[in-house]
Structure formats: structure tokens, C-alpha cells
Amino acid sequence: MERNELYPIFLKVSQLQVLIVGGGNVGLEKLSFLLKSSPNAKVLMVAPEFLPATLELAEKHDVTITEAVYKKEFLDGKHMVIACTDKPEVNEEVYHDCRERSILVNVADNPPFCDFYMGGIVTKGNVKVAISTNGKSPTTAKRLRQFFEDVLPENIDDLVKNLNEYRKTLKGDFEEKVEALNEFTKGLVNRKE
């Protein structure tokens, strides 16, 4: 069986510089996805033209909009790039330019030209669950996201906050604290043994 070998991480994109190349429907989708999860992301969008909805969203979130064709100079100081133009040759140019500079890049709908994928995300307060299908099926990730949105209780954030307060009261070394938290929370998961 094939195995998903992606390494999941949660990036503090409010502390990183993100470039989105493309101003069409896919650019709007990528910007929306990013801002839904990280409303304070630092984003520059570059394209010859933008959808009105993109401009409206950008204004609400302090996203910098630059009406221009892509040039390598737009990569200066960037940590992460999403290429989503309707021109495959431009997207591939962005990919190769990013690889030269060791910048993480995602070319929309082109898995071989991606260092990362933007999977399905469920957020309930401090709890965030990310879903990946290894770039194979965004529709499956969407359906799983909908499932987890339904099954994760709205008050799960209360549990997280309460456990954080309990954790602060624990004495001992790291292993003792982990053991105490594991014992305290084992009833949260119903396991059949």
C-alpha cells in the first residue's frame, strides 16, 4: 500500500512572508484558505489583474496587491510561495526560481511542482486538525474536513484550556508530567482492548 510520507507542520505565517502569484479564481481560493486559518498572514499577491472579490478580501486583511507580471525579484525576502496563474509556463518558472533560492513553493494543481500541499483544515478554538491526501484527492480532504467539523464538539476548546491550566499545576520532570496528563486524559478516547 502506498503511504503518505508528508511531514505535517503548523506554520506561523504571521511571522513569514508569503507570495501568491496569480489573481484569478484559484488565487482567490488560495488567499481565502490561507486567511481563514491565519487571518494575520503577511501576504503579497502579484498578478496583471485581480478579481474584485480578491481585492475586497485583500483590503480586509492588509494583503499587499501588486498589479504586475511575475518577476524573480518578487521572491526577495519570501519564505513561502503559491503559484496559481492560468499560465503553466509562469507557474513552472516560479517553481524553478523558488527551488534556486530554497523557498517553499506550491504550484496549484501540479503535485510534482509542490514542496507542500494545502490540505483540509478544521479549527475549533485552539484545536486545529489538518488533513492530507498526499495531493491525490482534494475532494476527499474536503469531505473529511466536513466530517471532523461535525464530530469535534464546539466546547473542545474549553477542554484544551482546562488541561493547560491543569498542566501548569503539575510538578516533576517532563516524563512525570506527560504520564500524569496521559492518565488524566485516557478516558477521552474510547479504546476497545
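Here are a few exercises with worked solutions on this predicted model.

**Exercise 1. Get an overview of the protein chain: its elements, its extent and its burial.**

Step 1: Count the elements. The protein chain has six helices and seven strands. Reading along the sequence, you get β-α-β-α-β-β-α-β-β-β-α-α-α.

Step 2: Look at the extent. The C-alpha trace spans about 55 × 40 × 35 Å along its principal axes.

Step 3: Check burial and surface. Of the 193 residues, 35% count as buried. The accessible surface comes to about 13,100 Å², and carbon and sulfur atoms hold 51% of that.

Step 4: Turn to the contacts. Take those with a separation of 6 or more: 54% of them link residues 24 or more positions apart.

**Exercise 2. Work out the strand order of the open five-stranded sheet, and say which strands stand at its edges.**

Step 1: Write down the order. It goes 3-2-1-4-5, and the pairing is parallel.

Step 2: Find the ends. Strand 3 (64-67) and strand 5 (104-107) each have a single partner strand, so one side of each lacks a neighbour in the sheet.

Step 3: Check the twist. On average, neighbouring strands are turned by 15° against each other, ignoring direction.

Step 4: Zoom in on one edge. Strand 4 (residues 80-83) runs parallel to strand 5, and four bridges join the two. In one of these pairings, alanine 83 has valine 107 of strand 5 as its bridge partner.

Step 5: Add the helix. Helix 3 (residues 88-101) packs on the sheet and touches strand 1 (17-21), strand 4 and strand 5. The direction of helix 3 makes about 165° with that of strand 5.

**Exercise 3. Decide which residues of helix 2 are buried, and why they lie on the same side.**

Step 1: List the buried ones. In helix 2 (residues 52-60) these are Thr54, Leu57 and Ala58.

Step 2: Use the geometry. Those three cover an arc of only 100° around the axis, which is why they end up on the same side of helix 2.

Step 3: See what they pack against. The partners are helix 1 (25-37), strand 2 (42-47) and strand 3.

Step 4: Flip to the other face. Turned away from the buried side, helix 2 carries the exposed residues Pro52, Glu59 and Lys60.

Step 5: Note what comes after. Helix 2 is followed by aspartate 62, which has a positive phi, near 60°.

**Exercise 4. Find the residues that touch the most other members of the largest nonpolar core, then look for a second core.**

Step 1: Recall the background. Nonpolar side chains in soluble globular proteins tend to be buried together.

Step 2: Pick the best-connected members. Out of 20 residues, these are Ile20, Leu31, Leu34, Val43, Met45 and Val63.

Step 3: Ask which elements contribute. Strand 1, helix 1, strand 2, helix 2 and strand 4 give two or more residues each. Helix 1 gives the most, with four.

Step 4: Follow one member. Leaving out residues up to four places away in sequence, isoleucine 20 touches Lys30, Leu31, Val43, Leu44, Met45, Val46, Ile82 and Cys84.

Step 5: Move to the other core. It is separate and has 18 residues, among them Leu75, Val94, Cys98 and Ile103.

**Exercise 5. Classify aspartate 97 as buried or exposed, and find what it touches.**

Step 1: Place it. Aspartate 97 is in helix 3.

Step 2: Apply the cut-off. Buried means under 20% relative accessible area. Aspartate 97 has 7% relative accessibility, so it counts as buried.

Step 3: List the contacts. Residues up to four places away in sequence aside, aspartate 97 touches Tyr70, Lys72 and Leu75.

Conventions:
Residues numbered from 1 in each chain as written. Predicted model: local features only at pLDDT ≥ 70, side-chain atom pairs only at ≥ 80, totals over all residues. Heavy atoms only, no water. Pairing = 2+ DSSP bridges. Axes fitted to C-alpha atoms, helices over the stretch in contact; angles between N-to-C directions. Contact = heavy atoms within 4.5 Å. Buried < 20%, exposed > 50% of the residue type's maximum accessible area, 1.4 Å probe, protein only. Arc of directions from axis to C-beta. Areas by Shrake-Rupley, 256 points an atom, 1.4 Å probe, with all protein chains shown as cover. Core = buried A, V, L, I, M, F, W, Y, C linked by side-chain atoms within 4.5 Å.
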